[in-house]
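Hi,

Here is the structure I said I would pass on. Have a look at it first, and then read on for what turned up when I went through it.

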Amino acid sequence: MLEREARRLRACELDLSGWGVFPEKGHANIFWAGVEPAAAVRELFEHCEAAMESCGFARETREFDGHVTLAREGTSPVPADFLIHWRALVPIEGPVRFRVDRVSLYESRTHASGPVYQKLGEPKN
């Protein structure tokens, strides 16, 4: 099902658009850059979400926020002043554009030593 939905993806250009952290309140441990146009990423998310629901998986309850993860806290805590410097970064100047022409499915598992990512597949067009 997911493979079928991923094959529907039409190549597109995306721009990095601002940055932030997850969670926004409390201890930030994921540092990200937003992507525009958000509609292109949202469409893929909604198709994949519907495919997963048809297989018996529950829909995500959190608001969708298309992004590129730039850094993630591992086994060592993020230094206290890192977040201050992160939030003081100057806005991105001009478009930082990249082409999206395929989707890969990854599984992430959190371990005491940090997250481990395993590529599960990439549909062929």
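The largest pocket has a volume of about 2,000 Å³. Keep in mind that this is a predicted model. If you want to find the middle of that pocket, look for F64, H67, S104, L105 and Y106, which are the closest to its centre out of the 45 residues that line it. Several elements give two or more residues to this lining: the helices α1 (2-7) and α2 (38-54), plus the strands β1 (12-22), β3 (67-72), β4 (96-100), β5 (105-111) and β6 (114-121). The largest share comes from α2, with eight residues. As for chemistry, the lining of the largest pocket has 25 nonpolar residues, 14 charged ones and six polar ones.

The second largest pocket has a volume of about 150 Å³. Its lining is made up of E5, R8, L9, R10, C12, A40, E43, L44 and H47. Here too α2 gives the most, this time four residues. Sorted by class, the lining of the second largest pocket holds four nonpolar, four charged and one polar.

Now for the packing. In soluble globular proteins, nonpolar side chains tend to be buried together. In this model the largest nonpolar core has six residues, namely V21, A28, F31, V78, L83 and W86. Take L83 as a way in: leaving out neighbours within four places in sequence, L83 is in contact with V21, A28 and F31. Another core, of five residues, lies apart from that one, and C12, L14, V35 and V100 are among its members.

A28 is worth a click of its own. This residue sits in the loop between β1 and β2. Is A28 buried or exposed? It counts as buried, because its relative accessibility is 7%, and the cut-off for buried is under 20%. Not counting residues up to four places away in sequence, A28 touches V21, F22, P23, V78 and L83. For a sense of distance, A28 and V90 are 62 residues apart in sequence, and their C-alpha atoms are 19 Å apart in space.

The same loop has something else to check. P23 also lies in the loop between β1 and β2, and the peptide bond leading from F22 to P23 is cis, with omega near -20 degrees. There is another cis bond from E36 to P37, where omega is near 0 degrees. P37 is found in the loop between β2 and α2.

That brings us to β2 itself, residues 30-36. Why is this strand largely enclosed by the rest of the structure? Six of its seven residues are buried, so the rest of the structure largely encloses it. On pairing, β2 runs antiparallel to β1 over six bridges, and G20 has W32 in β2 as its bridge partner. β2 also pairs with β3, again in the antiparallel sense, over five bridges. One position to look at there is F31, which stands opposite A71 in β3. F31 also belongs to the largest nonpolar core.

Towards the other end of the chain, β5 and β6 form a hairpin with two residues between them. They pair in the antiparallel sense over seven bridges. L105 is bridged to G121 in β6, and L105 is also one of the residues closest to the centre of the largest pocket.

Last, the overall picture. The protein has three helices and six strands, and from the N terminus on they run α-β-β-α-β-α-β-β-β. Along the principal axes, the C-alpha atoms fill a box of roughly 45 × 40 × 25 Å. Of the 125 residues, 21% count as buried. As for how the chain folds back on itself, take the contacts between residues at least 6 apart in sequence: 62% of them join residues at least 24 apart.

If you only have a few minutes with the viewer, I would start with F64, H67, S104, L105 and Y106 at the largest pocket, then go to A28 and its contacts with V21, F22, P23, V78 and L83, and finish on the cis bond from E36 to P37.

Cheers

Terms used
Residues numbered from 1 in each chain as written. Predicted model: local features only at pLDDT ≥ 70, side-chain atom pairs only at ≥ 80, totals over all residues. Heavy atoms only, no water. 1 Å grid on protein atoms, 1.4 Å probe; cavity = no way out; pocket = protein on both sides within 12 Å on 5 of 7 lines; lining within 4 Å. Points joined across faces, edges and corners; volume = space filled by probe spheres on them. Nonpolar A, V, L, I, M, F, W, Y, C, P; charged D, E, K, R; others polar. Core = buried A, V, L, I, M, F, W, Y, C linked by side-chain atoms within 4.5 Å. Buried < 20%, exposed > 50% of the residue type's maximum accessible area, 1.4 Å probe, protein only. Contact = heavy atoms within 4.5 Å. Pairing = 2+ DSSP bridges.
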